[in-house]
Number of protein chains: 4
Amino acid sequence: MAQKNKIVVQTSVKDESLIELRRQQIIGGAVKLFKEKGFHRATTREIAKSAGFSIGTLYEYIRTKEDVLYLVCDHIYDEVKQQLAGITTHSGTLGELKHAIKQYFKLIDSMIDEFTIMYQETKSLSKEAMHYVFEKELGMVSFFEQIIKNCMPSGGKALTDDEIFLVANQIVVQGQAWAFRKWTLQKRYTLEEYTNAQTKLLLSGMIHLQEEE
Amino acid sequence: MAQKNKIVVQTSVKDESLIELRRQQIIGGAVKLFKEKGFHRATTREIAKSAGFSIGTLYEYIRTKEDVLYLVCDHIYDEVKQQLAGITTHSGTLGELKHAIKQYFKLIDSMIDEFTIMYQETKSLSKEAMHYVFEKELGMVSFFEQIIKNCMPSGGKALTDDEIFLVANQIVVQGQAWAFRKWTLQKRYTLEEYTNAQTKLLLSGMIHLQEEE
Amino acid sequence: MAQKNKIVVQTSVKDESLIELRRQQIIGGAVKLFKEKGFHRATTREIAKSAGFSIGTLYEYIRTKEDVLYLVCDHIYDEVKQQLAGITTHSGTLGELKHAIKQYFKLIDSMIDEFTIMYQETKSLSKEAMHYVFEKELGMVSFFEQIIKNCMPSGGKALTDDEIFLVANQIVVQGQAWAFRKWTLQKRYTLEEYTNAQTKLLLSGMIHLQEEE
Amino acid sequence: MAQKNKIVVQTSVKDESLIELRRQQIIGGAVKLFKEKGFHRATTREIAKSAGFSIGTLYEYIRTKEDVLYLVCDHIYDEVKQQLAGITTHSGTLGELKHAIKQYFKLIDSMIDEFTIMYQETKSLSKEAMHYVFEKELGMVSFFEQIIKNCMPSGGKALTDDEIFLVANQIVVQGQAWAFRKWTLQKRYTLEEYTNAQTKLLLSGMIHLQEEE
DNA sequence: CATGAATGAGGATTCATTCAT
DNA sequence: GATGAATGAATCCTCATTCAT
């Protein structure tokens, strides 16, 4: 999940720590707003207000409205990256994979609004920013690919790279599914139950994959 | 996947068959446009033009721009419903499930634009329309629930309803994932390969689910 | 109240009696509608519907939307003219004036909607049509001028033409006032009471006018 | 003519004195325009231009086009209120009434455009705003009721409340009549002459009212 | 004669962005 | 650095009018 080419959102303000503070305010305000009415229906005035300052000030820290969306998306990945980074025990056991999944699902649940926004508004980003977001996506997939590769029981036929890729995708997607479909999944599962059930299903499938042939 | 309370998009035109024709034109034009620039960036004038007539005429067949989005969403489900309806062989075998998945994935691949639009713009619908779309979603899930229930090998411990629900959700979500992530999945898999791999993984997991305990 | 230069509303229909019928329908429908929402807020579609036929048909009997307004205004004056024509007893007494006022007020009360419309929408007419309406107004004033002139008690100093004109205007205006201010006048007066009180006040003032000097 | 519940026209601008300034500009521009083409035919762009700024700016000071009309109506009453307030000498003589009438008629003559607009476009206001305007109307009537009550010569039978109300209405209406009918009245009377003649007629009638019984 | 589908100019309103204070 | 008033392009939607059937 290496972070490269972070796109720079231009500012006319010099004080770096102030920039950081204001951006946190912008992101916070924007997330609340975007969740409620979506990126397009939220006005810059509202974003500024929700962030706690005037439009004039908002525009001291961003160049265009789209920047706000990018800021939000970027922030999510930073968070994800940071959180997942601390997970891997490098024990190379199935337990590690289970743990990673659990943490990932937890993370998503705690940032449901952010994730929902990101996946629904991504296409409103410029090609450049969209590309950056896609890269982050791939980073998450390869994070899980790595763990899977390391934890597969050494005995038996190894999974092919493509199979590992598929499973990693599954994990990432099913995590996102919790964000998008919480409204219905919740009726039957708590996050914990959902996590366990998905994990069981996934690992079970994964382990028996080679035998099926 | 029973269809209930279809929301009526008001028209000031009386000729039913003309309405049908024009709406097909609207949907066709809108899908092309929405895919390209998203619902919000597409103007009503563009929609009309893309449909092949004037805004005036467009507004004879819809009430608001949102109606166009609803028309698109509704059309997708009608298509899905119709296509899937012809699938089930009622053989009650695993083969039936495999077949259903295959057809569903095929269907999604053939309507990728429409699906992408629907999932990204859903929140721009009115509460009422959104509810209707959600219902359709649930319809698809229960379609697969039904097939799964019927095809599980009779021997062995039966899956619980919640487990069946989870697997059905998996299928629906992984189908959608093909639409959203085709850009990356495609690099490694053709649709056929993706379908096979996913099916194998899923069935494998499902079948061994009870033994794991 | 001589009627001159009636403006012709062009028609593409030949049958005279049909034209008459359709126009009555148009006027009837329009009055109802205009009262409710005003000339500008009423659409031609609504007018047609309210008249009982399609817009296509409506436009067979008028050239523009304004024609409808003119039709309504013209109709009112025709009615007023016809009704007042039968009033004058030519007795040349104060009783005649009283009677004329009473009938005029009655007439207005029975056509309140039409009058209200006419006075509020007049300026939406073309210069030409507006001029025609103004002429009709003057016709009404001179109708009363005539009666006043004839009924003044021969003894005493005669009223000047300007004074007669003023009184005639008073009558016309107070009649209209009943239409515009019925919402408040009604709380204290029935039409009959209002008529009597106004008449008393007016005649009283008129009669004593010369003595005041 | 107590002023209650002034309806608030929402603004997104905070500087109160700027609001006041801009509103005066809006009212000024609007009156000119409305007089010329009526409320409905005047576009918001024209209003803005006539006021001296862009539509964007116009909409910083109003919410809807109707607000402009309300602003105009409200402004008229404020003017009337202020002007009439300074009139009453509280001498309780007929002279006071005469003076009040004279001032009122003068006021109307100086605001002919505004009055004409108000009476012709009132029905385009929302129920709420219309109600407010009606209230102001009543305020004017009771202003004159008060003066009449105080100035009637103490000898002789007193006028009933209903009669006073009627006379007050007369005054208000005949003032308005000068605005609506200036086009014809002017041919025979200057404002001064009209005022005198009307006053004479009215007072004459009023004074002799009781004797007539 | 009657119908109603088609048209598109026109109008109200919004909102991202700028810039003087 | 912060503010918020000003701007006007852009957008949704309406509706008078026409014309083919």
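What follows is a chat about a predicted model of protein chains with DNA.

Biologist: Hi! Let's start with the DNA. Which residues come nearest to DNA strand E?

Modeller: Hi! This is a predicted model, so keep that in mind. There are 42 residues around DNA strand E, and those that come nearest are A:Thr44, B:Arg22, B:Thr57, B:Tyr61 and D:Tyr59.

Biologist: And on the DNA side, how much of what comes within 4 Å of the protein is sugar and phosphate?

Modeller: Sugar and phosphate make up 65% of the atoms of DNA strand E that come within 4 Å of the protein.

Biologist: Okay, B:Tyr61 was on your list. What does its side chain lie 2.4 Å from?

Modeller: That would be a phosphate oxygen of DNA strand E, with a polar side-chain atom of B:Tyr61 on the protein side.

Biologist: What about the bases? What do B:Arg45 and B:Gly56 come up against?

Modeller: For B:Arg45, a polar side-chain atom lies 2.8 Å from a base oxygen of DNA strand E. With B:Gly56 a polar backbone atom is involved, and a base nitrogen of the strand is 3.1 Å away from it.

Biologist: Nice. Which helix gives the largest share of the surface near DNA strand E?

Modeller: Helix 3 of chain B, with five residues. Other helices supply at least two residues each, among them helix 2 (44–51) of chain A, helix 1 (16–41) of chain B and helix 3 (55–61) of chain D.

Biologist: How does that surface split by class?

Modeller: It has 16 nonpolar, 13 polar and 13 charged residues.

Biologist: Switching to annotations: what does UniProt list for residues 43–62 of chain A?

Modeller: The entry, which is unreviewed, lists them as "DNA-binding region". In the model that stretch is 75% helix and 0% strand, and its end C-alpha atoms are 14 Å apart.

Biologist: Now chain C. At what angle do helix 1 and helix 2 of chain C pack?

Modeller: Helix 1 (residues 16–41) and helix 2 (residues 44–51) of chain C pack at about 145 degrees, and their axes are 8 Å apart. The crossing is right-handed.

Biologist: Which residues make that contact?

Modeller: From helix 1 of chain C they include C:Ile26, C:Leu33 and C:Phe34, and from helix 2 of chain C they include C:Glu46 and C:Ile47. The residues of the contact divide into six nonpolar, three polar and three charged.

Biologist: Last one: how far apart are the nearest C-alpha atoms of chain A and chain C, and of chain B and chain D?

Modeller: For chain A and chain C the distance is 30 Å, and the two do not touch. Chain B and chain D do not touch either, with their nearest C-alpha atoms 20 Å apart.

Conventions. Residues numbered from 1 in each chain as written. Chains lettered and ligands numbered in written order. Predicted model: local features only at pLDDT ≥ 70, side-chain atom pairs only at ≥ 80, totals over all residues. Heavy atoms only, no water. Axes fitted to C-alpha atoms, helices over the stretch in contact; angles between N-to-C directions. Helix = DSSP H or I, 4+ residues; strand = E, 2+ residues; numbered from the N terminus. Left-handed = near helix turned anticlockwise from the far one by under 90°. Contact = heavy atoms within 4.5 Å. Nonpolar A, V, L, I, M, F, W, Y, C, P; charged D, E, K, R; others polar. UniProt positions renumbered as here; feature names shortened; annotations may be inferred. Near = heavy atom within 4 Å. Polar contact = N/O pair within 3.5 Å; in protein donor to acceptor, adjacent residues only side chain to side chain.
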